[in-house]
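Trainee: I am new to this structure, so please take me through it slowly and tell me what stands behind each term.

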Amino acid sequence: MSVLWVLGVLVICAWIIFTQVGGRQQLDVLSPYDVARTRELVNSRFGVAWSRVPGRGDDNFSPRLRAYTPTLSVSYKPASGGTNVSLWCSAYSTKMLVMAHAQLMWRKKRSVARALAQADSRSLSGAVPGLPRDDQV
C-alpha cells in the first residue's frame, strides 16, 4: 500500500514539473494567414474570462478573477507564406519557486496553437477558411 502512495506522489510531482515547464516555455507557430487575419484568429480564442493588459507582446492577455495572474503575450512576425506567431508567459508570480497558474498558461498556449494549426490544415485542404468557434476546436 505504501508503494502506491509513493507512486501517487511521484506522479503528482511529475505532473507539476511538466506543467511548470510547459507554462514557462515559448511556443512558436506558423499561421498560413497574414498578420491581421492571424491576429483576429488569436484574439477570437480569448473570451470574456480574459482581459487585455500591457505587456511585452503585440497582444497581451491576463485571466480575470484570479489572484497572482500571469500574462500571456503574443507576437506576430510576417513570414514567407504566412505569419510566425510566438506565445509565451511574459509575467508571472511564484511561490516557493512554483509559478501560479502554470497549467492555465500551458493549456491556453496549446489551445491557440491548435486553432492556428487547424486553420493551416483548412487552408491546405482547399476549404474556405473561417474563424473556428470554441465548440469546433
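**Strand S3 and the rings around it**

Mentor: Let us start from Asn60, which lies in strand S3, residues 59-63. Strands (E, at least two residues) and helices (H or I, at least four) are DSSP runs, numbered from the N terminus. The model is a predicted one, in which local features need pLDDT of at least 70 and side-chain atom pairs count only at pLDDT 80 or more, while totals for chains, interfaces and linings use all residues. Residues are numbered from 1 along each chain as its sequence is written, and side-chain values use heavy atoms, with hydrogens and water left out.

Trainee: Why is Asn60 called buried?

Mentor: A residue is buried under 20% relative accessible area, exposed over 50% and partly exposed in between, with a 1.4 Å probe and protein chains only. Asn60 has a relative accessible area of 5%, and therefore it counts as buried.

Trainee: What makes the pairing of the side chains of Asn60 and Ser73 a polar contact?

Mentor: The term asks for a pair of N or O atoms within 3.5 Å; within protein, one must be able to donate a hydrogen and the other to accept it, and residues adjacent in sequence count only if both atoms are side-chain atoms. The side chains of Asn60 and Ser73 make such a contact at 2.6 Å. Contact in the general sense means heavy atoms within 4.5 Å, and, leaving out residues up to four places away in sequence, Asn60 touches several residues, including Arg52, Pro54, Leu72 and Ser73.

Trainee: How do you know that Ser62 is buried, and which side chain does Ser62 join in a polar contact?

Mentor: Ser62, which also lies in strand S3, has a relative accessibility of 5%, so it counts as buried. Its side chain joins that of Thr69 in a polar contact of 3.1 Å, and the side chain of Ser62 also reaches the backbone oxygen of Pro70 at 3.2 Å. Among the residues in contact with Ser62, apart from neighbours within four places in sequence, are Ala49, Trp50 and Val53.

Trainee: How many aromatic pairs does a search of the whole structure find, and why is the pair of Phe46 and Trp50 called edge-to-face?

Mentor: The search finds 5 aromatic pairs. In the pair of Phe46 and Trp50, the centres lie 5.3 Å apart and the planes stand at 80° to each other, which is edge-to-face. Rings of Phe, Tyr and Trp (its six-membered ring) pair if their centres lie within 6.5 Å, with planes under 30 degrees apart counted as stacked, over 60 as edge-to-face and the rest as tilted.

Trainee: Why, then, is the pair of Phe46 and Phe61 called stacked?

Mentor: The ring centres of Phe46 and Phe61 are 3.8 Å apart and their planes meet at 5°, so the pair is stacked. This pair links distant parts of the chain, with Phe46 in the loop between helix H2 (35-43) and strand S2 (50-52) and Phe61 in strand S3, 15 residues apart. Phe46 is buried at a relative accessible area of 9%, and Phe61 is buried at 3%.

Trainee: What makes Lys108 a charge over the ring of Phe46?

Mentor: That description requires NZ of Lys or CZ of Arg within 6 Å of the ring centre and within 35 degrees of the ring normal. Lys108 lies over the face of Phe46, at 4.9 Å from the ring centre. Elsewhere, the charged end of Arg37 sits over the ring of Tyr33, 5.2 Å from its centre.
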